Amino acid sequence: MSVEFLLGPAGSGKTFRCLEQVRSLLDKAPEGPPLVFLAPKQATFQIERRLLLEFGVGGYHRLQIVPFERLTLFLLERLGITLPESLSEEGRVMVIRSLLLRHGAELSAFAANAQGTGFARALSGWLRELQQHQGRPASLREIAGQTETPTGLRAKLRDAALILERYEAWLDERKINDPDVAMPLATETLKRELSQSTDKPIGWVWMDGFAELTPAELTLLEVVVRASEGATLAFCLPDSQPGSPEDIDLWCNVRGTFRSCFARLSGATPRPPRVRCLPEDFFQTRFAANPILSHLESQLAKTSPQTSQAPDERLAPHLQLWSCANPEAEAELAAQVILQHVQEGGKYRDIGIIPRSLQGYASAYARVFRRYQIPLFIDQRAAIGHHPAIELIRAALRTLAGPWSSSDLFAILKTGLAVQDHSAADRLENLALRQGWTQTQW
């Protein structure tokens, strides 16, 4: 078994080499043990599309291009393990909300916010992250008891330990599993399978696009690599010497993840992993024809970047800076630039918009782009309560149960599932607001 790490900056050919290996293995043996390509959830479709269009692969069923969550379910199915009954994400939030009500008097830091809107969901996400990093109530209390821990953090850690402890007791009492039980279960089952057989159930493993891995994901990766014929793991690291001391820079998280993977796999494989550092030659990357963007990429992570010597007229086609008053104005400007790009022969799928945070921007971009009929995908989870069908059911039940308000009636009309003429619904709503109609007048 051979394990190879590919290190290099963006555009240096890491993904290309991985996909070339995939194509070569599929050409040699369309049948055989499954091949696993690990990628972040939002990147799986792009990798599938690129493999089919650029590498001439007509189709496949041996390859699995999956994130860690789908890999877990795939392994459980292959191993013949039925996932135990577990809470859904919404059920988990409901249980935590109930525990906050029941044990609110025992809390200190969370006491004031325990009944606040959205606090149970936020706490659920925090506890999930703790569990993914194998945090236990005892370890949280131990950290809270250390003298160097800030006072405010101590109280939060004790409260989190209390809720986590009560949550685990609630699950044990009812013989129900946590939603995050699947990954450890798949890891332990595959590990037990390897101890009983020398066969390799997985053909090859690739991983690309990850900056950080939780301890649970790292453990699963180690076992999956041990169960395979070989592995190729790619990390976006421009350092030519990955073993140099860590600095606090743009790449410190990726560097730490690479070192953790290397240390884990060094003890799990017969031969030490190989490390291939791809050359940091910006004239051979995706920006080879664009010296301005090539210069920006080369200087991005440097503490003392060099100023580009290009005159202003050379910057204009590639880099433009605009100042806008608010997110709405930014969305309007982006829409104009995109429409001009498409009119000149560009494609929507080649365009990406990267805000610092989606908060305050997602709704503005969705509203403006809908007006200009520009297709838009926003990479964030949407609460199921905002789904038109769910909103229709809720508003209809409120209207039937009464007493209801005009907002309930118009919530039904605006879902798009009750009437087809949206402009008529808008005119009726404006008339109702102008006349001040109440339930009796309706």
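**Figure 1. Strand β1 in the predicted model.** Strand β1 covers residues 2–8, and 6 of its 7 residues are buried, so the strand is largely enclosed by the rest of the structure. Buried here stands for under 20% relative accessible area. On one flank, β1 is joined to strand β5 (residues 230–236) by 7 bridges, and the two strands run parallel. S2 is the residue opposite G230 of β5. Strand β1 also pairs with strand β6 (residues 274–277), again in the parallel sense, over 4 bridges. Within this pairing, E4 has R274 of β6 as its bridge partner.

**Figure 2. The open sheet of 6 strands.** The strand order is β3-β2-β4-β5-β1-β6, with parallel pairing. Strands β3 (63–66) and β6 occupy the edges; each has a single partner strand, so one side of each is left without a neighbour in the sheet. On average, and with direction ignored, neighbouring strands of this sheet are turned by 15 degrees against each other. In a regular strand, side chains alternate between the two faces of the sheet.

**Figure 3. Strands β2 and β4 with helix α3.** Strand β2 (residues 35–38) pairs with strand β4 (residues 204–207) through 4 bridges in the parallel sense. V36 has V205 in β4 as its bridge partner. Helix α3, made up of residues 68–78, lies across β2, β3 and β4. Relative to β3, helix α3 runs at about 140 degrees.

**Figure 4. The salt-bridge network of E106, R141, E165 and R166.** These four residues are linked by salt bridges, and the structure holds 18 salt bridges. Side chains of opposite charge can pair when their charged atoms come close. R141 and E165 meet through their side chains in a salt bridge with an N to O distance of 3.1 Å. This pair links distant parts of the chain, with R141 in helix α6 (residues 137–144) and E165 in helix α7 (residues 151–174), 24 residues apart. E165 also forms a salt bridge with R166, where the closest N and O atoms are 3.4 Å apart. R141 is partly exposed at a relative accessible area of 36%. E165 is partly exposed at 33% relative accessibility, and R166 is partly exposed at 25%.

**Figure 5. The salt bridge between R371 and E332.** The closest N and O atoms of R371 and E332 lie 2.5 Å apart. The pair links distant parts of the chain: R371 belongs to helix α14 (residues 362–371) and E332 to helix α13, 39 residues apart. R371 is partly exposed, with a relative accessible area of 48%. E332, at 18% relative accessibility, counts as buried, because the limit for that class is under 20%.

**Figure 6. A nonpolar surface patch of L296, L319 and L321.** Together, the three residues have about 310 Å² of accessible area. L319 sits in the loop between α12 (312–315) and α13 (327–343). With a relative accessible area of 33%, L319 is partly exposed. L319 can belong to the patch because membership asks for over 30% relative accessible area. Helix α13, at one end of this loop, also carries E332, the partner of R371 in the salt bridge of the previous figure.

Note on methods:
Residues numbered from 1 in each chain as written. Predicted model: local features only at pLDDT ≥ 70, side-chain atom pairs only at ≥ 80, totals over all residues. Heavy atoms only, no water. Patch = residues over 30% accessible without salt bridge, like charges linked within 9 Å, V, L, I, M, F, W, Y side chains within 5 Å. Areas by Shrake-Rupley, 256 points an atom, 1.4 Å probe, with all protein chains shown as cover. Buried < 20%, exposed > 50% of the residue type's maximum accessible area, 1.4 Å probe, protein only. Pairing = 2+ DSSP bridges. Axes fitted to C-alpha atoms, helices over the stretch in contact; angles between N-to-C directions. Contact = heavy atoms within 4.5 Å.
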